[in-house]
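Colleague: Got a minute? I'd like to go through this one with you.

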Amino acid sequence: MWNSLDILKALKSLNLLEKSPPCWWPNAFSFQALIGAILTQNTKFDNVLKSLENLKNANILECDDENNLKKIASIGVENLVEYIRPSGFFNQKAMRLVMLCQNIQKDFESFGKFKLEVTREWLLNQKGIGKESADAILCYVCAREVMVVDRYTYQFLKKLGIEIEDYDELQSFFEKGIEENLSHALMLYDNSISLAELYARFHGKIVEFSKRKLELII
């Protein structure tokens, strides 16, 4: 059976992220990435980008993450709906975004403190956040050492003859192979990135590979 380090090596040789941001997810580690992690549920990311652009044009999303948190926490759900319509399920997502931001203010006071202190358990206790969304927030917003797995990673492994349906087991497959060979994995990037960044890029490579319908040779 292949391990995840072998897979990472093969994917890295394809230069799949040459036109992507450093950690693949647009504006990773910012408040915008948090909004994107919720909006991307059950839709294509192109639709998320349209919603984010609407929020920027309305000056609801700006450069100040702390101010952005306050704006979403205080905006009326019916107003937010109009900006995020391209993402689908807009009533539900608007309500959950406002509630999430209000809970961040209540439990952490600031976005910066949220990024440092939030736990997976706290995220999973929020309305509408499951394991995939929680891990996306931990990885792409909080820069935690967490590998996001999703339908792309499941289908990707299945094509290699490895079928793991359970989310936690699938995640463990990817993380175990990297962490047991951590020095080799980081050397692929000349020790220039963190493990959190490696996981972000690894997930991004799998998504881009899958979207392009390529074949992997290991």
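Modeller: Sure, let's talk about the overall fold and then the inside.

Modeller: Keep in mind that this is a predicted model.

Colleague: Fine. How many helices and strands does the protein chain have?

Modeller: The protein chain has 13 helices and zero strands.

Colleague: And is the protein chain as compact as a globular protein of that length, or less so?

Modeller: As compact, because its radius of gyration is 18 Å, close to the 17 Å that the globule rule gives for 218 residues. The C-alpha trace spans about 50 × 30 × 30 Å along its principal axes.

Colleague: What percentage of the residues is buried?

Modeller: Buried residues are 47% of the 218 in the protein chain. As for contacts with a separation of 6 or more, 64% are between residues 24 or more positions apart.

Colleague: What about the surface, how much of it belongs to carbon and sulfur atoms?

Modeller: Those atoms hold 48% of an accessible surface of about 11000 Å².

Colleague: Switching to cavities. How many are there of 30 Å³ or more?

Modeller: The count is one cavity of that volume or more. The largest cavity holds about 50 Å³ of space.

Colleague: Which helix gives the most to its lining?

Modeller: Helix α6, residues 90–108, with five residues. The full lining is Ile38, Arg96, Leu97, Met99, Leu100, Asn103, Gln126, Lys127 and Ile129.

Colleague: And by class, what is in that lining?

Modeller: Five nonpolar residues, two polar and two charged line the largest cavity.

Note on methods:
Residues numbered from 1 in each chain as written. Predicted model: local features only at pLDDT ≥ 70, side-chain atom pairs only at ≥ 80, totals over all residues. Heavy atoms only, no water. 1 Å grid on protein atoms, 1.4 Å probe; cavity = no way out; pocket = protein on both sides within 12 Å on 5 of 7 lines; lining within 4 Å. Points joined across faces, edges and corners; volume = space filled by probe spheres on them. Helix = DSSP H or I, 4+ residues; strand = E, 2+ residues; numbered from the N terminus. Nonpolar A, V, L, I, M, F, W, Y, C, P; charged D, E, K, R; others polar. Rg over C-alpha atoms; globule rule 2.2 N^0.38 Å. Buried < 20%, exposed > 50% of the residue type's maximum accessible area, 1.4 Å probe, protein only. Contact = heavy atoms within 4.5 Å. Areas by Shrake-Rupley, 256 points an atom, 1.4 Å probe, with all protein chains shown as cover.
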